[in-house]
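Please open the structure in the viewer and keep the sequence panel beside it. The stops below are arranged as a series of selections, each followed by an account of what is found there.

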Amino acid sequence: MSTRVRCACCWSSFPVALEPFPFDPEANLAPYAAHSRNSHGRQHPEPTPPYRTEFQRDRDRIVHCGAFRRLEYKTQVFVNHVGDMYRTRLTHTLEVAQIARSIARALRLNEDLAEAIALAHDLGHTPFGHAGQDALNACMRPYGGFEHNRQSLRVVDTLEARYAEFDGLNLCFETREGILKHCAIAHARELGSVAARFLNNQQPSLEAQLTNLADEIAYNNHDVDDGLRAGLISVDQLQQLDLFAAPYRAVTAQYGALPPRRHIAETVRRMINAQVCDLIETSAARLASVAPPDLDAVRAQPAPLIAYSEAMAAQNLALKRFLYRALYRHPQVDAMTDEARRFIQALFTHFMAHPEALPAETAKKAQNLLSQQGIRGQARTVADHIAGMTDRYAVAECRRLRLVQPDPGSSV
Ligand code: MG
């Protein structure tokens, strides 16, 4: 194998021999892990990269794409610009990737694939967090709905425009299947092989399964941390939950009265550790007992093999229910939700009535899809455009188009 490189001084090009990997970088993976060499491939065939595995290349393409950079300015739970200490969609994504890699390595699964799935899992998220998604879904209800998992797949399959030979990032099947965590049956029929498991009752790869749970571990724990920081939930409330109370008491017993922020940080890190260790140990025991000979056998299982113990699953559920009730439905978060809904609805209504107000290339696409698919095509282009916005760009667009102004004193 050879390639041509250019001299830095005279810019003339000359051939250089390339030695492919001198070793198999996936040699130590378990037989049931996803191996690059067995990948179901890319939609557009490409030569194998000489010094990276296929899943490493997927990860790199995701990190370099535009939707990934915009995650920095998108809300996780707390509106992006209310404070510099809160999680954003980007820092959430990095926490998911870190947790997913740790679990994958401990189980001898493919760390590169888990990382790629984690880094891409929220690429389709709207501005203003779940409030934004719910609002856009309501707007899109007559036109096929909007769901952020499907949108993340849409970003990597068609919306990113970076390569000369294809739309999207042309990722491997295994990365795309991991991004599509949930899918309604009606939509699964439209999406083809990547969604076939929802029709055939099959499981995704173990890397997809663990990354799904790494996402939950990351947001449950960082929402406790951010919720306490914002003063929307209290240590007294959390003491009712075993998952928080046990490590909180252990920190008190070990260190006495620490400054509150340090006490909380020490507690939250122990919560994450307890969940990750339980997940690894329970999953390792299940894998040892089922002993799937390969990934096909994993897919054929009646249920996911990556799972918590029953005790940890119950504690986890109690924490999720608490966060839903006390944090995600807190009046201050609700106020942000109402305002986000106004912004998204105003943008959607305006662009549907005035597609010429979209950026030129998007307006042209909306026009083409309108003639090919009717009003659903135009609506999908408008939804793609709004979903791609950052919080601050959505607000700026509302101002520019004189649609709605933020409430005085509002966090949005
Ligand atoms: Mg997430």
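Which residues have the most contacts inside the largest nonpolar core? Select I62, I103, L109, L123 and V224: these have the most contacts within that core, which has 77 residues. Helix α10 gives the most to this core, with nine residues. A second, separate core of 30 residues includes M140, A346, A363 and A387. Please bear in mind throughout that the model is predicted.

**The whole chain**

Zoom out to view the protein, in which there are 19 helices and two strands. Along the principal axes, the C-alpha atoms fill a box of roughly 65 × 60 × 55 Å. The radius of gyration is 23 Å, which agrees with the value near 22 Å for a compact globule of 412 residues. Of those 412 residues, 54% count as buried. Among contacts between residues at least 6 apart in sequence, 69% join residues at least 24 apart. If a surface is displayed, about 19400 Å² is exposed, and carbon and sulfur atoms supply 52% of it.

**L109**

Return to L109 and display its surroundings. Leaving out residues up to four places away in sequence, L109 touches L29, Y32, A33, A104, L206, E207, L210 and I306.

**Helix α4**

Next, select residues 111-120, which form helix α4. Is this helix enclosed or exposed? Helix α4 is largely enclosed by the rest of the structure, because 10 of its 10 residues are buried. Charged residue names appear in the list of buried positions alongside others: E111, D112 and E115 are among them, as are L113 and I117. Show the surrounding helices as well: the buried residues of α4 pack against α1 (54-64), α2 (66-70), α3, α6 (148-159), α7 (173-179) and α10. At the N-terminal end of α4, select N110, which caps the helix; one of its side-chain oxygens lies 3.1 Å from the backbone nitrogen of D112.

**T175, in one of the neighbouring helices**

From α4, move to α7, where T175 is placed. T175 has a relative accessible area of 0% and is therefore buried. Its side chain joins that of D58 through a polar contact of 2.6 Å. Beyond its neighbours within four places in sequence, T175 is in contact with F55, D58, I62, L113, A116 and I117. Of these, L113, A116 and I117 are buried residues of α4, and I62 is one of the residues with the most contacts in the largest nonpolar core.

**S152**

Now select S152, in helix α6. S152 counts as buried, at 0% relative accessibility. Apart from residues up to four places away in sequence, S152 touches A120, H121, D122, L123, G124 and I179. Add R176 to the selection: the C-alpha atoms of S152 and R176 are 9.1 Å apart, and the two residues are 24 apart in sequence.

**The magnesium ion**

H121 and D122, just seen in contact with S152, lead to the metal site. Which residues are the protein donors of the magnesium ion? Select H92 (NE2), H121 (NE2), D122 (OD) and D215 (OD); these donors lie 2.1 to 2.6 Å from the ion. In sequence, the donor residues follow the spacing H-x28-H-D-x92-D. H92, in helix α3 (residues 89-106), and D215, in helix α10 (residues 206-230), are 123 residues apart, and the pair links distant parts of the chain. Both H92 and D215 are buried.

**D384**

Proceed to D384, in helix α18 (residues 375-387). With a relative accessible area of 9%, D384 is buried. Its side chain makes a polar contact of 2.6 Å with the side chain of R154. Setting aside neighbours within four places in sequence, D384 is in contact with Q151, R154 and L159.

**Two backbone positions**

Finally, inspect the backbone at two positions. Most residues other than glycine have a negative phi. At A291, phi is near 45°, a positive value. A291 is in the loop between α13 (260-290) and α14 (295-299), and it is partly exposed, with a relative accessible area of 46%. At R402, phi is near 55°, also positive. R402 is found in the segment after α19 (391-400) and counts as exposed, at 73% relative accessibility.

Terms used
Residues numbered from 1 in each chain as written. Predicted model: local features only at pLDDT ≥ 70, side-chain atom pairs only at ≥ 80, totals over all residues. Heavy atoms only, no water. Helix = DSSP H or I, 4+ residues; strand = E, 2+ residues; numbered from the N terminus. Buried < 20%, exposed > 50% of the residue type's maximum accessible area, 1.4 Å probe, protein only. Polar contact = N/O pair within 3.5 Å; in protein donor to acceptor, adjacent residues only side chain to side chain. Contact = heavy atoms within 4.5 Å. Donors = N, O, S within 2.8 Å, 3.2 Å for Na, K, Ca; no water. Core = buried A, V, L, I, M, F, W, Y, C linked by side-chain atoms within 4.5 Å. Rg over C-alpha atoms; globule rule 2.2 N^0.38 Å. Areas by Shrake-Rupley, 256 points an atom, 1.4 Å probe, with all protein chains shown as cover.
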